[in-house]
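Visitor: Could you take me closely through one helix of this model, and then through the side-chain pairings in the rest of the chain? I would like the reasoning spelled out wherever a conclusion rests on a distance or an angle.

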Amino acid sequence: MLSLTKQFLRSQIQVSPSAAFSTEVKRRITLYQHPISPPCRAVIMAAKLIGVDLELKLVQIKDCKTQEFLKINPLKRIPVLDDGGFLLSESRAILTYLSDKYGKDDSLYPRDLQARAIIDQMFYFDMGTLYQAMVDYWNYCVLKDNPHDEERYRRVFGPLNLFNETLGVSKFAAGPKFTMADVSLLASVSAIDAIGVDLTKYPNIHSWSDRSQKMVPNYEEINSKGVEQIKEKFRAWEDKFRPKK
C-alpha cells in the first residue's frame, strides 16, 4: 500500500494541473527601427545587455510620416517599442522602461534616486546638446543637400569638450559604473565619429568609447551596419560639396 501511495504522489508531481493546462504565451516585444538611427541602435544595445529578445521591424525614415505609421507613433519618429500592445517611443524612455521592467537587477538604471538623477542628467545632455548638435549639422547639410556649414559643424565641438571634461573625473558617463547613460551616448558618439570628427582630439571620450564598447555584447554586429550607412551617405555628400584637399 505504501508503495502505491508513493507512485500516486510521484505522478501528481510530474503532471501538475498548471503544467498540463498552461495557456501562457511568451510576450512578443517588437522594435520599429532603422540601423542608421543611433537612438534605434541604443535600444538594441540596451536589450542585448538586459537579455531581452527583440523582433526588429525595419522602417524607412521617409515612411515615418505615413498614415499607417502614425497609428503606431503620432510623433512620426523611430524607434518605437511595442511590448504586447504597449507602444513607447523616444529611445531614452525605452532604455529606462526596459531596464525597470526586464532588468535582472538595477545596475544599468539604479533605483537610488540620486544615482538615477545623474543618469537622467546625461540623457538630457545627450538628447538636447551632444546628439542634437550632430543632428543639426547632418540634417542641414547631408539630408537637405546643402554645402558644408562650418558654424554648424563647430557646434559639435563644444558638447564634445564638455563630455570630455566630464570623463576626466569619471570613468563612465554617470559615475564609476557603466549605465544606460553610456549606452545612449555611445550610440551618439559613434555617429559623430562616422561624420569625420577626430575623436583622438578628445582622449577621455576616445578611451571611454573603447571601454564602453567592450561592455556591450555583440557591439560591432549591432552598430557596424548603421555606422557604415552614415559614412556612405556622408562620403557621397562630401564628394559633391566639400572642396578636394
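Guide: Contact here means heavy atoms within 4.5 Å. The model is predicted, and the part to look at closely is helix H10, which runs over residues 203-215. At 1.5 Å a residue, the 13 residues of H10 should span 18 Å, and the end C-alpha atoms are 19 Å apart, which agrees with that expectation. The buried residues of H10 are Ile205, Trp208, Ser209 and Ser212. They cover an arc of only 105° around the axis, which puts them on the same side of H10. An α-helix has 3.6 residues a turn, so residues three or four places apart point the same way. What covers the buried residues of H10 includes H8 and helix H9 (180-194).

From H8 one can pass to the aromatic pairs, since Phe163 lies in helix H8 (residues 157-166). The count of aromatic pairs comes to 10. One of them joins the rings of Phe86 and Tyr97, whose centres are 5.2 Å apart and whose planes stand at 40°, so the pair is tilted. Phe86 lies in strand S4 (residues 86-89) and Tyr97 in helix H5 (residues 91-102), so the pair ties together parts that are 11 residues apart in sequence. Phe86 itself counts as partly exposed, at 39% relative accessibility. Phe125 and Phe163 also form a tilted aromatic pair, at 6.3 Å centre to centre and with 45° between the planes. Because Phe125 lies in helix H6 (residues 113-143) and Phe163 in helix H8, this pair ties together parts that are 38 residues apart in sequence. Both Phe125 and Phe163 are buried. Elsewhere, ring pairs link Tyr137, Tyr153, Phe157, Phe234, Trp237 and Phe241 into a cluster.

Charged side chains also meet rings: the charged end of Arg211 sits over the ring of Phe172, 5.6 Å from its centre, while Arg152 lies over the face of Tyr140, at 3.8 Å from the ring centre.

Turning to the cysteines, the count of disulfides comes to zero. The sulfur of Cys40 is 8.2 Å from the closest cysteine sulfur, which belongs to Cys64, and this is too far for a bond, given that a disulfide requires the two sulfur atoms to lie within 2.5 Å. Cys40 is buried, with a relative accessible area of 0%, and Cys64 is likewise buried, with a relative accessible area of 3%.

Technical notes: Residues are numbered from 1 along each chain as its sequence is written. This is a predicted model: local features need pLDDT of at least 70, side-chain atom pairs count only at pLDDT 80 or more; totals for chains, interfaces and linings use all residues. Side-chain values use heavy atoms; hydrogens and water are left out. Rings of Phe, Tyr and Trp (its six-membered ring) pair if their centres lie within 6.5 Å; planes under 30 degrees apart count as stacked, over 60 as edge-to-face and the rest as tilted. Helices (H or I, at least four residues) and strands (E, at least two) are DSSP runs, numbered from the N terminus. Buried means under 20% relative accessible area, exposed over 50%, partly exposed in between (1.4 Å probe, protein chains only). A charge sits over a ring if NZ of Lys or CZ of Arg is within 6 Å of the ring centre and within 35 degrees of the ring normal. The expected span of a helix is 1.5 Å times one less than its number of residues. The arc is that of the directions from the helix axis to the C-beta atoms.
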